Amino acid sequence: MLALTSPDFGSGETIPARFTCDGENLSPALRWTGLPEGTRALLLVCDDPDAPGGTFRHWAAWGMDPAAGGLAAGYGPATLEPGFRQAINDFGKPGYAGPCPPANDAPHAYHFRLSALAEPIEGAAPDATCEEVAALARPHVIEFAELVGVYGR
């Protein structure tokens, strides 16, 4: 069974400020295990369904090696690795943008979702949005796992 974890926070725990807009605004470390048979690619997304205007997309990344078992902390818009790609988030910028809920809102839940794909994502434009990349991946999802962290200001 596919599982997604982080050494930086546990399921249901507070995401440390360094991974938010109040800190360094770089991605937390993420680890995956239990990739299903037939996994040829991965898609990693981070969404905030508690945002006032509806689901807010903070990150979509793909092209990472499934056999790597995870990503180190520190991915941001300038991260360059062979094959690694990041979509335009709902802030209108490429790459990871951490939790940044409105002040005085109840803490928001941030869903990090890893999807195991039967086929690599093809046809994503260089300026593809998180939503567009997720739509391209959707027909190829074998299984997914979520890690939910919370953050409030």
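**Exercise 1. Determine which backbone atoms the side chain of S6 reaches, and place this residue in its surroundings.**

Solution. Begin with the polar contacts: the side chain of S6 reaches the backbone nitrogen of D8 at 3.0 Å, and the backbone oxygen of A29 is reached by that side chain at 2.6 Å. The structure is a predicted model, and every distance here is computed from its atoms. Next, locate the residue, which lies in the loop between β1 (3-5) and β2. For its exposure, apply the cut-off that buried means under 20% relative accessible area; because S6 has 11% relative accessibility, S6 counts as buried. Finally, leaving aside neighbours within four places in sequence, the contacts of S6 are P28, A29, L30 and L147.

**Exercise 2. Work out how β1, β2 and β5 are arranged, and which strands stand at the edges.**

Solution. Start from the strand order, in which three strands form an open sheet as β1-β2-β5 with antiparallel pairing. It follows that β1 and β5 (70-71) stand at the edges, because each has a single partner strand, so one side of each is left without a neighbour in the sheet. Then look at the link between β1 and β2, where three bridges join the two antiparallel strands. One pairing can be named residue by residue, since the bridge partner of T5 in β2 is R31.

**Exercise 3. Describe the largest nonpolar core, and say which element gives the most residues to this core.**

Solution. First, consider its membership: the largest nonpolar core has 24 residues, of which L4, L44, W59, M64, L71 and F112 touch the most other members. The elements that give two or more residues to this core are β2, β3, β4 (56-62), β7 (108-117) and β8 (141-151), and β7 gives the most, with four residues. A second, separate core has 13 residues, including A60, L117, I121 and A137. As a general background, nonpolar side chains tend to be buried together in soluble globular proteins. To see the surroundings of one core member, take L4, whose contacts beyond four places in sequence include L30, L44, F112, L114, A145 and L147, with R31, R113 and E146 also among them.

**Exercise 4. Decide whether H58 is buried or exposed, and find the polar partner of its side chain.**

Solution. The residue is placed in strand β4. Because its relative accessible area is 2%, H58 is buried. A polar atom of the H58 side chain lies 2.7 Å from the backbone oxygen of A97. Contacts beyond four places in sequence complete the picture, and among those of H58 are C46, D47, D48, N89, F91, Y96, A97, C100 and Y110.

**Exercise 5. Set A116 beside G38, and state the exposure of each residue.**

Solution. Take A116 to begin with, which is found in strand β7 and is buried, with a relative accessible area of 0%. Beyond four places in sequence, A116 touches L2, P36, T39, A41, L42, H140, V141, I142 and E143. The separation of A116 and P102 is 14 residues in sequence and 32 Å in space, C-alpha to C-alpha. Turning to G38, the place of this residue is in the loop between β2 (30-33) and β3 (41-48), and G38 is partly exposed at a relative accessible area of 43%. G38 and I142 are 104 residues apart along the chain, while 8.2 Å separates their C-alpha atoms. I142 is also a contact of G38, together with L117 and A118, when residues up to four places away in sequence are not counted.

Methods: Residues numbered from 1 in each chain as written. Predicted model: local features only at pLDDT ≥ 70, side-chain atom pairs only at ≥ 80, totals over all residues. Heavy atoms only, no water. Buried < 20%, exposed > 50% of the residue type's maximum accessible area, 1.4 Å probe, protein only. Contact = heavy atoms within 4.5 Å. Core = buried A, V, L, I, M, F, W, Y, C linked by side-chain atoms within 4.5 Å. Polar contact = N/O pair within 3.5 Å; in protein donor to acceptor, adjacent residues only side chain to side chain. Pairing = 2+ DSSP bridges.
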